[in-house]
Amino acid sequence: MVRWCAERGRPVGAVISLSTAWALAQAWYSDRLEPAWRRRTATEAQAVFTELGLTDPFWRLAAPASSPES
Amino acid sequence: MASAPHELDDRVRLSVYRHFVRRGLAPAVRDISDELSASPAAIAASLERLAAAHVLVLDPATRRLWMAMPFSAVPTAFRVRTSGGEWWANCAWDALGISAMLQAAAEIITSCAGCGDPAPIRTTGRALLTGSGVVHFAVAAASWWDDIGFT
């Protein structure tokens, strides 16, 4: 992965399994069509990452007031 | 009586998503305007507020809808197909997100970024069915919105 990124000039970033990506997709998007949907706060988003074991600094949110919502 | 801005924004957001779900593509301002019986100017202003709040993404040049995550308004390397339609997703995570959001069995048509071989993924809508490999995130979470197009 490091070589692949270097060849394409992309940051190495983070790599997660497909199953973790699916769990993250479910946690993140399953409520997106609900009328009452609101963006997660940074604290709420961090809790989603933590629940899925995404505790590496890559997943750490810088400012409590901001949200990484995708 | 005119809607309060935040109330209109909620309705515009839902209109955008419902249009994507039904039609497989992004609505134009006129589509939303017609559905909500609001002026195009009011809809355009609402879309700008939603973009500023990182709820949607507008094309920097045209101000047309670019992303209503997990949907993409433009073709990408991730196509999602269900019995109800087809959509472009912004990334692998979002491709899975379309299936999770719709709770619909889906086939994700994509290819390995490394070798270019087809790398289809299938879900039941509630679980991952088939697929192999890993998902690469290039940008750290705290910086995703620094350049959302790159992210």
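Visitor: What distance lies between the C-alpha centres of domain 1 and domain 2 of chain B?

Guide: In this predicted model, the two C-alpha centres lie 22 Å apart. The domain assignment places domain 1 at residues 5-68 and domain 2 at residues 69-151.

Visitor: What makes domain 1 and domain 2 of chain B count as being in contact?

Guide: The test is C-beta atoms within 7 Å of each other. By that criterion, 10 residues of domain 1 are in contact with 11 residues of domain 2. On the domain 1 side, strand β2 (residues 65-68) of chain B supplies the largest share, 4 residues. That side divides into 8 nonpolar residues, 2 polar and no charged.

Visitor: Which peptide bond is called cis, and on what value does this rest?

Guide: The bond from Met69(B) to Pro70(B) is cis, with omega near 15°. Pro70(B) belongs to the loop between β2 and β3 of chain B.

Visitor: Why is α4(B) called largely enclosed?

Guide: A residue is buried if 20 or more other C-beta atoms lie within 10 Å of its own. In α4(B), 11 of the 11 residues are buried, so the helix is largely enclosed by the rest of the structure. The buried residues include Trp93(B), Asp94(B), Ile98(B) and Leu102(B).

Visitor: Which strands does α4(B) lie across?

Guide: The helix lies across β3, β4, β5, β6 and β7 of chain B, and it runs at about 15° to β4(B). Those strands belong to an open sheet of 8 strands in chain B, in the order β1-β2-β3-β5-β4-β6-β7-β8, with antiparallel pairing.

Visitor: Why are β1 and β8 of chain B placed at the edges of the sheet?

Guide: Each of the two has a single partner strand, so one side of each is left without a neighbour in the sheet. For β8(B), strand β7 (residues 121-123) of chain B pairs with it in the antiparallel sense over 2 bridges. Two strands pair if at least two bridges are found between them, so the 2 bridges between β7(B) and β8(B) satisfy the criterion. Within this pairing, Leu128(B) is the bridge partner of Thr123(B).

Visitor: How do you know that β1 of chain A pairs with β9(B)?

Guide: The same threshold of at least two bridges applies. Strand β1 (residues 14-17) of chain A is joined to β9(B) by 4 bridges, and the two run antiparallel; the threshold is therefore met. Ser17(A), for example, stands opposite Val134(B).

Visitor: How many residues does each chain give to the contact between the chains, and which element of chain B contributes the largest share?

Guide: Chain B and chain A give 31 residues each. In chain B, the elements that provide two or more residues are α1 (5-23), α4 (92-102) and β9 (134-137). The largest share, 6 residues, comes from α4(B). The chain B side divides into 23 nonpolar residues, 7 polar and 1 charged.

Visitor: Which residues touch the most other members of the largest nonpolar core?

Guide: The core has 47 residues, and those touching the most other members are Ala21(A), Ala25(A), Ala68(B), Ala89(B) and Ile98(B). Helix α4(B) gives the most to this core, with 8 residues. At least three residues come from each of the two domains of chain B. Ala25(A) touches Trp93(B), Leu96(B), Gly97(B) and Ala100(B), leaving aside residues up to four places away in sequence.

Visitor: Why is Asp146(B) called exposed?

Guide: A residue is exposed if 12 or fewer other C-beta atoms lie within 10 Å. Asp146(B) has 10, so it is exposed. This residue is found in the segment after β9 of chain B. Asp146(B) and Leu129(B) are 17 residues apart in sequence and 34 Å apart in space, C-alpha to C-alpha.

Visitor: Why do Arg63(B) and Gln103(B) count as partly exposed?

Guide: Partly exposed residues fall between the limits of 12 and 20 neighbours. Arg63(B) has 13 C-beta neighbours inside 10 Å and therefore falls in that range. Gln103(B) has 15 other C-beta atoms within 10 Å and so is also partly exposed.

Visitor: What value does phi take in Arg63(B), and what value in Gln103(B)?

Guide: Arg63(B), in the loop between β1 and β2 of chain B, has a positive phi of about 65° although it is not a glycine. Gln103(B), in the loop between α4 and β6 of chain B, has a positive phi near 50° and is likewise a residue other than glycine.

Technical notes. Residues are numbered from 1 along each chain as its sequence is written. Chains are lettered from A and ligands numbered from 1 in the order in which they are written. This is a predicted model: local features need pLDDT of at least 70, side-chain atom pairs count only at pLDDT 80 or more; totals for chains, interfaces and linings use all residues. Two residues are in contact if their C-beta atoms, placed from the backbone, lie within 7 Å. Ala, Val, Leu, Ile, Met, Phe, Trp, Tyr, Cys and Pro count as nonpolar, Asp, Glu, Lys and Arg as charged, and the others, Gly among them, as polar. A nonpolar core is a set of buried Ala, Val, Leu, Ile, Met, Phe, Trp, Tyr and Cys residues joined through C-beta atoms within 7 Å. Domain bounds come from an automatic or database domain assignment. Axes are lines fitted to C-alpha atoms, for helices over the stretch in contact, and angles run from 0 to 180 degrees between N-to-C directions.
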